Amino acid sequence: METWQFENSWFNELVGTYSEVSPDAISNPTLVAYSDSTGRSLGLAEQPAAADLCRYFSGHQLLAGSQPIAQVYAGHQFGQYVPQLGDGRGLLLGQIRNQQGDLVDLHLKGAGQTPYSRFGDGRAVLRSSIREFLASEALSGLTIPTTQALCVIGSDTPVQREELESAATLLRVSDSHLRFGHFEFFYHRNEHDKLKQLADFALRHHFPDCIDQPEPYAAMFQQVVVKTAQLIAKWQAVGFTHGVMNTDNMSLLGLTIDYGPYGFMDGYQAGYIPNHSDHGGRYSYAQQPGIGHWNLQCLALALSPLVTKEQSQLALEHYQTALLGRYSQLMAAKFGLNEIQQNDGEMLNGLFTLMQSEGQDLTRTFRQLSHQDVNQQHSAMEDDWVDRDGFRQWWQAYRQRRIAQGDIEHWQQQMLLTNPKYILRNYMAQQAIEEAQSGRFDEIARLQQVLARPYDEQPEYEQYAALPPDWSQHLEISCSS
Ligand code: AMP
Ligand code: MG
């Protein structure tokens, strides 16, 4: 880490869009979690000494060359415009080059108060830091675009939430922390020169192929539309629900960012709401595609000094095509089909209807389906359904479609590569958190192993592929973090 060369592009190129802030250290730091894959992407062949990780990523000491800043942004939170948000409890430490030679942001979350903390204490609790860490690992394992996390550092610094908890920090690594809300901030304040500066920065660093287009900003916006659509299609395919899709939590690069009260659904339920405080279900599973579009409209407005209404309209028209296109590819693969044909709809929806009415587990159902032999009249799965006849009927329609397609074994193999056996269920994160709160961190490390290879059989971790325990149904994931 000491050899990292900081090139602080945001600090140097976007003066006036941030405040310089030094981290406020947490006390008695201990290493809670470390990601080897993130470390390797940053050129760390081996895990650095815990004492060094604790020193640099708990706010006690800055790495040479780091110039920490808190970024300002705004955002639509639950549909309401909030004119000023920003890094209220996180600092951008600067940029370094990753193994591929690309600049990446190092962001220290939980580093104390900033000018954008509003009424907050600038801290992140151990519980939410572990949840973010594990989700970064889980989504990476599923090849869903996401920010990464290098490590979590725990402490004995007390923080008050619903109850007294302890503070932690998380070192987040991302190609960019640019959010829709960054553009909204400068647009709504009428600071259109800054808006342009920000858009030029984005073009230069993240959308270089748009620069030579006749309309660079419109081309960039269109790419954001498509990336966002594809991200959400990927979420939908595995039942991931972000929980707080405010525009300040939307990445310009189409990455999953700002993990809070997210959830992977267990039993299939289109209206699944992981966020206990989201009473209206604005950010339920089924709403995500629509909310993605709504958020892009907010971004279109923010970019309106640079992208005409006609251009943004045209770009937005790509949203549905991109989302449905990617979603139907993913669905085809989940069902072991080469492609979804026009008259497949009823058969495909049939399984979701059955799952929904019986609360059958989304992940397990598709994984089991991947093991069935479609040459057989009966599937062993039928015993799992209350509506046995309903499932049998569905099975007949499904197997005939697969038989008609041919290449049965090949497509079965494809299904096993597409339908994860392991996902990060809420109860798994909860167990890891409770152990960590008593000073034991090996459950986190175990989950990292499991979640890094979600499609592989891992006999030693079979228990994590089971149905979640009953107690987990009553787990409430609060917004407080
Ligand atoms: P989030 O819901 O975590 O995405 O945060 C929304 C906004 O609230 C962001 O501007 C955060 O920086 C800020 N925020 C959240 N928690 C805290 C905290 N404990 N202290 C200061 N600011 C916070
Ligand atoms: Mg946020």
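The paragraphs below look at two annotated residues and then at two residues with an uncommon backbone angle. The structure is a predicted model, and what is said about it here rests on values computed from that model.

A good place to begin is the UniProt record, an unreviewed entry, in which the annotation "binding site" covers Asn249 and Asp258. Both Asn249 and Asp258 are included in the lining of the largest pocket. When you look for them in the structure, you will find Asn249 in the loop that runs between strand 11, residues 240-241, and strand 12, residues 263-264, and Asp258 has its place in the loop between strand 11 and strand 12 as well.

Consider Asn249 in more detail. Its relative accessibility is 10%, and because buried means under 20% relative accessible area, Asn249 counts as buried. If residues up to four places away in sequence are left aside, Asn249 touches Arg179, His242, Val244, Ile257 and Asp258. With one of these residues there is also a polar link, for the side chain of Asn249 reaches the backbone oxygen of Val244 at 3.0 Å.

Now turn to Asp258, which has a relative accessible area of 14% and is therefore buried, since that value is under the 20% cut-off. Leaving aside residues up to four places away in sequence, Asp258 touches Lys109, Arg172, Arg179, His242, Asp248 and Asn249. Among these residues, Arg179 deserves a second look, as a polar contact of 2.9 Å joins the side chains of Asp258 and Arg179. Arg179 and His242 appear among the residues that Asn249 touches, and Arg179 and His242 appear again among those that Asp258 touches.

The remaining part of this tour concerns the backbone angle called phi. Most residues other than glycine have a negative phi. Against that background, Arg118 stands out, with a positive phi of about 50° although it is not a glycine. Arg118 is found in the loop between strand 7, residues 103-109, and strand 8, residues 124-125. Its relative accessible area is 54%, and because exposed means over 50%, Arg118 is exposed.

Asp407 is the other residue to examine here, for it is not a glycine and yet has a positive phi of about 50°. This residue lies between two helices, in the loop that links helix 12, residues 388-405, with helix 13, residues 408-418. With a relative accessible area of 57%, which is over the 50% cut-off, Asp407 is exposed.

Conventions: Residues are numbered from 1 along each chain as its sequence is written. Chains are lettered from A and ligands numbered from 1 in the order in which they are written. This is a predicted model: local features need pLDDT of at least 70, side-chain atom pairs count only at pLDDT 80 or more; totals for chains, interfaces and linings use all residues. Side-chain values use heavy atoms; hydrogens and water are left out. UniProt positions are given in the numbering used here, feature names are shortened, and annotations may be inferred rather than shown by experiment. On a 1 Å grid over the protein atoms alone, a cavity is a set of points where a 1.4 Å probe fits but cannot get out, and a pocket is an open set with protein on both sides within 12 Å along at least five of seven lines; lining residues have an atom within 4 Å of a point. Helices (H or I, at least four residues) and strands (E, at least two) are DSSP runs, numbered from the N terminus. Buried means under 20% relative accessible area, exposed over 50%, partly exposed in between (1.4 Å probe, protein chains only). Contact means heavy atoms within 4.5 Å. A polar contact is a pair of N or O atoms within 3.5 Å; within protein, one must be able to donate a hydrogen and the other to accept it, and residues adjacent in sequence count only if both atoms are side-chain atoms.
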